[in-house]
Amino acid sequence: MVQHGLSLIVSHAKYQSASLLPGYKSSTIDVDPCKYNGYLSYQYVGKLFAEDLCDAAFQWETIGVANAKHENSAFWLGTPGAQTRCHYDSYGVNVVVQLHGTKRWVLFPPQDSPYLYPTRLPFEESTVRSAINDPLRPDLDTYPKATLATPQIVVLNAGDVLFVPHHWWHAVDCTSVAVSVNAWLPHANDRHEQLKEALARLITSSLSSSLDDKGQSAVVCATEVPLVILRPLVLTGRFVFVSAFIFAVVHLLTTICAAIGLNLLFWTGVAVSKAHALLSAK
């Protein structure tokens, strides 16, 4: 990565970065790393870097990942202490490559979900969070089931590759200045998860549409599309729901009427047959 012009220099709590973008002026900021940290997270490489650089630098097939695309690959750059809170991703599986520095990953299998207290608030698409701030040091008075969870801890060094299976929980901490990339690969269950995510977005948007800015920030993650854009979708969703409900009722009534009609036709046929038999006997 440095060969292509991306560098991060750490010296006496001074962080200096040079951008890949032409004409960008580098800058130096004095910070106290004990008090502050920074995280350039979840940045799609296809939008962050030039296409020719992506083709040269992110060759997933060299590690056996042939179907990864720049569009679903993300770049992560963090200073010591930067972290991603415990969550699992609704879609796909995750392949992570550590390029520089170290990161600590704490992983939990899907069957630990009841012990990690899942929550969708604040809502972020395809992200199910744990209500526990630190899964390794949980507040047992508030989250007593956390003692039943089975954490698996791994530290990634430069050159390491980590495969995160579908719906595995993970919390990530930068233990040094760390650079990594990851790719989300499709999973057979993604279509089902997409439907669940669409319903979760609709419900969350509907509930939060009447809240003020402070209330909305507690319900919807800041990285999500503003609710002012989602309100027409909420109205559309309500219309679709009402239409589907009316269709279901009409379909049910039609089915009932058809059943009654068939029964009447059947018993009418039986009565006619019996009358014909009696007349024939006479």
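The legends below describe close-up views of a predicted model.

**View 1. The largest nonpolar core and a second core.** The largest nonpolar core holds 17 residues, and of these Phe49, Phe58, Trp60 and Phe75 touch the most other members. Two or more residues of this core are given by each of the elements α2, β5 (73-78), β7 (93-100) and β14 (178-185), and the largest share, four residues, comes from β14. A second core, separate from this one, consists of nine residues, including Val106, Phe108, Val128 and Trp169.

**View 2. A negative patch on the surface.** Glu51, Asp52, Asp55 and Glu71 together form a negative surface patch. Asp52, one of these residues, belongs to helix α2, which runs through residues 51-57. With a relative accessibility of 58%, Asp52 counts as exposed, because the cut-off for that class is over 50%. Helix α2 is also among the elements that give two or more residues to the largest nonpolar core.

**View 3. A nonpolar patch on the surface.** The residues Val249, Leu252, Leu253, Ile256, Ile260 and Leu264 make up a nonpolar surface patch, and their accessible area together is about 540 Å². Leu264, one of the patch residues, is found in helix α5, which spans residues 227-281. The relative accessibility of Leu264 is 55%, and therefore this leucine counts as exposed.

**View 4. The cis peptide bond before Pro122.** Most peptide bonds are trans. The bond from Leu121 to Pro122, however, is cis in this model, with omega near -5°. Pro122 itself is placed in strand β9, which covers residues 118-124.

**View 5. Positive phi at Tyr42 and Ser126.** Most residues other than glycine have a negative phi. Tyr42, a residue other than glycine, has a positive phi near 55° and is located in strand β4 (residues 39-44). The relative accessibility of Tyr42 is 35%, so this tyrosine counts as partly exposed. Ser126 likewise has a positive phi, near 65°, but its place is in the loop between β9 and β10 (127-130). Because its relative accessibility is 11%, Ser126 counts as buried.

**View 6. The salt bridge between Arg129 and Glu124.** Side chains of opposite charge can pair when their charged atoms come close. The count for the model comes to six salt bridges. In one of them, Arg129 pairs with Glu124, and the closest N and O atoms are 2.7 Å apart. Arg129 and Glu124 are both buried.

**View 7. The salt bridge between Asp134 and Arg137.** The side chains of Asp134 and Arg137 form a salt bridge in which the N to O distance is 3.1 Å. Asp134 has a relative accessible area of 26% and is therefore partly exposed, whereas Arg137, with a relative accessible area of 59%, is exposed.

**View 8. The salt bridge between Glu193 and Lys196 in helix α3.** A salt bridge joins the side chains of Glu193 and Lys196, with 3.7 Å from N to O. Because Glu193 and Lys196 are three residues apart in helix α3 (residues 190-208), about one helical turn separates them. Glu193 counts as buried, since its relative accessibility is 4%, while Lys196 has a relative accessible area of 40% and is partly exposed.

Notes
Residues are numbered from 1 along each chain as its sequence is written. This is a predicted model: local features need pLDDT of at least 70, side-chain atom pairs count only at pLDDT 80 or more; totals for chains, interfaces and linings use all residues. Side-chain values use heavy atoms; hydrogens and water are left out. Patches are made of residues with over 30% relative accessible area and no salt bridge: like charges are joined within 9 Å, nonpolar side chains (Val, Leu, Ile, Met, Phe, Trp, Tyr) within 5 Å. Accessible areas come from the Shrake-Rupley method with a 1.4 Å probe; for residues, only the protein chains shown count as cover. A salt bridge is a side-chain nitrogen of Lys or Arg within 4 Å of a carboxyl oxygen of Asp or Glu. Lys and Arg count as positive and Asp and Glu as negative; His and the chain ends are not counted. The place of a charge is taken as NZ of Lys, CZ of Arg, CG of Asp or CD of Glu. Buried means under 20% relative accessible area, exposed over 50%, partly exposed in between (1.4 Å probe, protein chains only). A nonpolar core is a set of buried Ala, Val, Leu, Ile, Met, Phe, Trp, Tyr and Cys residues joined through side-chain atoms within 4.5 Å.
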